Structure formats: C-alpha cells, structure tokens
Amino acid sequence: MLVLSRKQSQRIKLGDSIVITVVRVGGSAEAIAVNFSAGTNGTAIADLDYTPTNGTLSFGPGEVSKTFSVPILNNVFQDGTRFITLTL
C-alpha cells in the first residue's frame, strides 16, 4: 500500500514548490513502481496557480519513501486557500 504525505506545518509561498512524500507501508521486500499525477484542477488552476506534473516513482527493495514536487506559480491574482487533486 502507498500513502501520500505532506508536512502539515509547511508554509507555501508563491514561487515555491509543494513537496509530496509517497510512503510505502505494509512491506518493502520487492521493487514496485507507481505513477503519480498532480494536474487535476481543484480550486487551483493548472498553469495559473501551479505547474502540472506527473511521472513514475520507482521503489527498490527496502525503500519506503519517495518525493515529488509541484511548483506553485506567482501570478497577479490575490489567492485564498487553494487545492489540487493528486493521483497515484
């Protein structure tokens, strides 16, 4: 099983990136790979509020966590709280 994790106290500033950690639980004896996508709009809009990203994370035997980043764009609009959808 794989779960998404983000440090809850992480303050995100415009121009920064959100770092997402994927944690492997329930065993790590074999190699596995998982596709990820951060590109489905929630209240944040792709290419205006963030840069969509996707890829594959490959876990070797014994590896229990991997990270990927979602760049946050600095735009001219005053934004409140925004969210995007992350998919494994």
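Okay, let's start with Val 23: its bridge partner in strand β5 is Ser 65. Strands here are DSSP E runs of at least two residues, numbered from the N terminus. Before I go on, this is a predicted model, where local features need pLDDT of at least 70 and side-chain atom pairs count only at pLDDT 80 or more, while totals for chains, interfaces and linings use all residues. Numbering runs from 1 along each chain as its sequence is written, and side-chain values use heavy atoms, with hydrogens and water left out.

Back to the strands. β2, residues 17-24, and β5, residues 65-71, run antiparallel and are joined by seven bridges; for two strands to pair, DSSP has to find at least two bridges between them. On to β1, residues 2-5: that strand is also antiparallel to β2, with four bridges. One of the partners there is Arg 24, which bridges to Leu 2.

Now look at the faces of β2. Ile 18, Ile 20, Val 22 and Arg 24 point to one face and are buried, meaning under 20% relative accessible area with a 1.4 Å probe, protein chains only (over 50% is exposed, and in between is partly exposed). Ser 17, Val 19, Thr 21 and Val 23 point to the other face and are not buried.

So what about the core? A nonpolar core is a set of buried Ala, Val, Leu, Ile, Met, Phe, Trp, Tyr and Cys residues joined through side-chain atoms within 4.5 Å. The largest one has 13 residues, and those with the most contacts inside it include Ile 18, Val 22, Tyr 50 and Phe 68. At least two residues of this core come from each of β2, β3 (32-41), β4 (53-59) and β5.

Which aromatics pair up? Searching the whole structure gives one aromatic pair, where pairing needs ring centres within 6.5 Å, and planes under 30 degrees apart are stacked, over 60 edge-to-face, the rest tilted. The rings are those of Phe 36 and Phe 68, with centres 4.0 Å apart and planes at 15°, so they count as stacked. Phe 36 sits in β3 and Phe 68 in β5, 32 residues apart, so to speak of distant parts of the chain being linked is fair.

Let me stay on Phe 36. Its relative accessibility is 8%, so it counts as buried, and Phe 68 is buried too. Skipping neighbours within four places in sequence, Phe 36 has contacts (heavy atoms within 4.5 Å) that include Thr 53, Leu 57, Phe 68 and Leu 88. Finally, the C-alpha atoms of Phe 36 and Leu 86 are 7.3 Å apart, with their positions 50 residues apart along the chain.

Methods:
Rings of Phe, Tyr and Trp (its six-membered ring) pair if their centres lie within 6.5 Å; planes under 30 degrees apart count as stacked, over 60 as edge-to-face and the rest as tilted.
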